[in-house]
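Visitor: Got a minute to walk me through this one? I'd like the layout and the contacts, without padding.

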Amino acid sequence: MDTLLRIRNLHVHYLTDFETVKAVNGIDLDIGPGESLGLVGETGAGKTTACRAVMQLIPDPPGLIVDGEILFKGENLIYNTERRNQEIRGNGISMIFQDPMTALNPIMTIGDQLAEVVRTHNPGIGRDEARRKVIEMLEIVGVKADRINDYPHQFSGGMKQRVVITMALLCSPELLIADEPTTALDVTIQAQVLELIKKLRREFNMSLLLVTHDLGIVAEVCDRAAIMYAGEIVEAGTVREVFLETRHPYTKGLFGSIPKLDEDSERLVPIEGMVPNPADLPPGCCFHPRCKEARPECSRQKPGLKGEGHVYKCFY
Ligand SMILES: Nc1ncnc2c1ncn2[C@@H]1O[C@H](COP(=O)(O)OP(=O)(O)OP(=O)(O)O)[C@@H](O)[C@H]1O
Ligand SMILES: [Mg+2]
């Protein structure tokens with residue numbers, strides 16, 4: 001497979017005065033052209049950190065990429081100059097953040113800020129033409145042109161997220177990273193925004209890295225799934241493989257903790273125990289303290305990645 005994004009052995013730490021937070025611990029990921037990958041994991045698993053690393057936007061300090069490769073079309077972003085990475089963020093990779101307000105300037109009309117994006121990425125383009133491009137794109141994502149002179153606070157959450165999506169698309173990215181793009185939204189609006197992302201992905205033939213803790217969203221939107229736990233990818237494969245031929249006890253646990261409408265809530269089986277503290281990770285398999293199937297060797301040795309295509313990190 002020719003890959004667009006290839007991550008190998010990525011390690012990211014946050015170095016604070018008191019401790020080293022090991023947020024990402026040796027992940028491998030591949031995304032092909034036009035492919036969509038769902039990255040799933042509980043809070044603190046390191047999903048946002050991994051995405052920010054791909055964007056080369058790890059806050060430094062305290063963040064530091066300590067090892068690994070991030071290849072975008074064969075180019076290692078970690079060794080690039082900041083200037084080159086800015087170029088790639090301008091027309092290769094875009095990211096939609098969880099909170100739309102982090103991407104929007106509250107004191108500029110959305111028309112002005114979107115036009116600025118167009119003009120930054122197409123120097124030489126005229127003011128009117130930039131505005132035309134903005135209006136065209138706003139209409140594609142379902143924002144009416146007459147809202148172009150409104151400020152971000154005048155938009156509802158769902159509409160704001162559409163504006164942020166417009167901003168990401170104006171760079172014509174080959175890879176779109178969406179970090180929990182619908183978590184802050186109402187359920188009905190969530191569905192609309194997801195539909196939109198699905199439609200845009202087909203229309204613009206973009207690859208998608210979608211972060212979520214909702215397995216249903218992955219099943220609906222993604223070709224492949226990667227399950228992240230304590231900074232590691234513990235299982236990855238096609239959505240079919242991960243959902244129907246689940247290998248890792250953690251993935252099984254995640255499925256077990258989804259409430260089913262036709263069952264009593266008492267029959268819900270949450271995964272027992274807590275997510276490990278990334279500043280103090282357990283020895284051996286990162287999941288063994290919570291694993292029902294753990295055996296003595298699990299606390300002594302770290303399991304490597306097993307399988308081909310459908311991969312998982314478990315001895316059994
Ligand atoms: N700037 C920072 N300084 C110190 N620690 C950080 C920083 N940013 C993140 N972390 C820590 O790194 C770990 C991974 O965080 P990250 O935000 O990547 O997780 P996540 O999977 O995106 O979680 P969520 O689902 O809550 O968004 C967490 O333990 C978090 O507290
Ligand atoms: Mg996050």
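Guide: Sure. The protein splits into domain 1 (5-92 + 174-312) and domain 2 (102-170). Those bounds come from an automatic or database domain assignment.

Visitor: And what should I know about the model and its numbering?

Guide: It is a predicted model: local features need pLDDT of at least 70, side-chain atom pairs count only at pLDDT 80 or more, and totals for chains, interfaces and linings use all residues. Residues are numbered from 1 along each chain as its sequence is written, while chains are lettered from A and ligands numbered from 1 in the order in which they are written.

Visitor: How far apart do the C-alpha centres of domain 1 and domain 2 lie?

Guide: 29 Å. 12 residues of domain 1 contact 10 residues of domain 2. Contact means C-beta atoms, placed from the backbone, within 7 Å.

Visitor: Which elements give two or more residues to the domain 1 side?

Guide: Helix H2 (82-91) and helix H6 (187-204). H6 gives the most, with six residues. Helices (H or I, at least four residues) and strands (E, at least two) are DSSP runs, numbered from the N terminus.

Visitor: What classes of residue are on that side?

Guide: Nine nonpolar, three polar and no charged. Ala, Val, Leu, Ile, Met, Phe, Trp, Tyr, Cys and Pro count as nonpolar, Asp, Glu, Lys and Arg as charged, and the others, Gly among them, as polar.

Visitor: Switching topic. At what angle do H4 and H5 pack?

Guide: Helix H4 (residues 127-141) and helix H5 (residues 157-169) pack at about 125°, with axes 9 Å apart. Axes are lines fitted to C-alpha atoms, for helices over the stretch in contact, and angles run from 0 to 180 degrees between N-to-C directions.

Visitor: Which residues meet there?

Guide: Met137, Leu138 and Val141 in H4 meet Arg162, Ile165, Thr166 and Leu169 in H5. By class, that is five nonpolar, one polar and one charged.

Visitor: Now the ligand. How many residues surround ligand 1?

Guide: 16, the closest being Tyr14, Thr43, Lys47, Thr48 and Thr49. The cut-off is a C-beta atom, placed from the backbone, within 6 Å. Strand S2 (20-31) and helix H1 (47-55) each give two or more residues to this shell. H1 gives the most, with three. The shell divides into seven nonpolar, eight polar and one charged.

Visitor: Where are the cis peptide bonds?

Guide: One joins Asp60 and Pro61, omega about -5°. Another joins Pro61 and Pro62, omega about 5°. Pro61 sits in the loop between H1 and strand S4 (63-72).

Terms used. Two residues are in contact if their C-beta atoms, placed from the backbone, lie within 7 Å.
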